[in-house]
Amino acid sequence: MNKEESISISNHDVLKALKGKYLCARKQLQQARSKRQKRKLTEHVDDLKMDLAWALLDCGEYEKGLALCISVCGRQYRERKYNGVGRALTEMKHYDEARRILEKGLKEFPESCALWTGLGIIHDILGDHFESLKCFKAAIEFDPIKSSGPLYNKALALMGLGSYTDAASIIDHLIEEYPEDPKYLADRGYCALETGYPREALQYYQKAMDLLSESPDAHTGVCIYAGFCSAYMELGMKREAIEIALEGIKRFPDEDSALYHNAGTAFLGIGWRKEAVE
């Protein structure tokens with residue numbers, strides 16, 4: 001079982017448990033007699049409803065999660081509700097609606113790290129890296145726990161703008177803080193490659209590869225193999241490029257087409273036109 005499958009199973013376990021708690025709480029609310037008990041149980045049901053909405057989103061059930069988010073009332077849930085609705089609409093690719101919801105939320109909660117992050121993600125998806133960078137900077141400013149997520153998002157936005165040196169300095173910090181996470185090493189390799197240091201990139205990709213078996217994330221794996229292949233090609237090591245590209249295709253046959261493109265380019269590089277076409 002890989003990491004993504006494990007996370008999926010865990011999310012569904014959480015969803016199942018929350019559904020049970022939610023149904024039980026609703027039954028208790030229906031049986032409540034006193035106003036005080038009803039008020040307390042109503043708040044408990046609303047808490048569970050919001051948690052259940054997020055669990056549905058985590059499991060990819062975006063329409064159900066959206067509907068449940070919208071149904072939650074109460075001032076205390078408004079920020080989280082804006083965030084949940086924005087996330088659901090983003091996942092459903094309704095980007096204009098999602099942006100309007102998040103911008104409306106930010107007028108009410110201008111210091112919300114989550115809402116700034118959600119808006120930054122939309123701008124990033126739409127290719128507006130300058131606007132996404134501004135959003136992620138705001139998210140960092142208003143992040144009360146100074147987590148890695150907003151900082152990493154800022155690095156990705158800088159990479160989208162071609163500011164690889166600035167992005168590399170952030171990623172170096174993240175590597176120092178989280179040395180066991182291969183995605184940071186893979187991104188650092190990409191920065192090295194884009195700034196003209198393919199040999200340095202190979203070192204980062206090798207370190208990332210060594211950690212991949214412990215954290216077998218498909219997206220990170222594709223980035224590592226594709227980066228390896230590109231670095232080898234930059235160094236004129238075409239046969240090594242072919243070998244690593246084919247290894248990546250074997251390991252992740254149904255993922256990003258970049259691996260197939262890189263293999264084809266490498267085959268062309270050594271004159272194997274037929275293999276390149278295949």
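Start by selecting K93, which you will find in the loop joining α4 (78-91) to α5 (95-108). Keep in mind as you look around that this is a predicted model. What is unusual about the backbone at K93? Its phi is positive, about 70°, although K93 is not a glycine. For background, most residues other than glycine have a negative phi. Is K93 buried or exposed? K93 counts as exposed because its relative accessibility is 60%, and the cut-off for that label is over 50%.

Next, move along the chain to K146. This residue sits in the loop between α7 (129-141) and α8 (148-160). Here too the phi is positive, at about 50°, and K146 is not a glycine either. With a relative accessibility of 55%, K146 is therefore classed as exposed.

Now for a pair of helices. Select α6, residues 113-125, together with α7. Try turning the view until you can follow both axes: they lie 8 Å apart, and the helices pack at an angle of about 165°. Because of that angle, α6 is roughly antiparallel to α7, given that angles over 145 degrees earn that description. The crossing of these two helices is left-handed.

Which residues bring α6 and α7 together? Show the side chains and look at each partner in turn:

- From α6, pick C113, W116, T117, L119, G120, I121, H123 and D124.
- From α7, pick H129, E131, S132, C135, F136, A138 and A139.

Sorted by class, this contact of α6 with α7 includes eight nonpolar residues, along with five polar and two charged ones.

Time to zoom out to the whole protein chain. How many helices and strands does it have? There are 15 helices and zero strands. Of the 278 residues in the chain, 41% are buried. Among contacts with a separation of 6 or more, 48% link residues that are 24 or more positions apart.

Finally, colour the chain by confidence. The average pLDDT is 87, and 87% of the residues score at least 70. Then select residues 1-8, where the pLDDT is below 50; this stretch has eight contacts in the model beyond near neighbours in sequence. Go on to residues 270-278, where pLDDT also stays under 50. For this second stretch, the model has 10 contacts beyond four places in sequence. A word of care for such places: where pLDDT is low, the predicted coordinates should not be read in detail.

Key:
Residues are numbered from 1 along each chain as its sequence is written. This is a predicted model: local features need pLDDT of at least 70, side-chain atom pairs count only at pLDDT 80 or more; totals for chains, interfaces and linings use all residues. Side-chain values use heavy atoms; hydrogens and water are left out. Helices (H or I, at least four residues) and strands (E, at least two) are DSSP runs, numbered from the N terminus. Buried means under 20% relative accessible area, exposed over 50%, partly exposed in between (1.4 Å probe, protein chains only). Axes are lines fitted to C-alpha atoms, for helices over the stretch in contact, and angles run from 0 to 180 degrees between N-to-C directions. Angles under 35 degrees count as roughly parallel, over 145 as roughly antiparallel, 65 to 115 as roughly perpendicular and the rest as oblique. A crossing is left-handed if the near helix is turned anticlockwise from the far one by less than a right angle, and right-handed if clockwise. Contact means heavy atoms within 4.5 Å. Ala, Val, Leu, Ile, Met, Phe, Trp, Tyr, Cys and Pro count as nonpolar, Asp, Glu, Lys and Arg as charged, and the others, Gly among them, as polar. pLDDT is the predictor's confidence in each residue, from 0 to 100.
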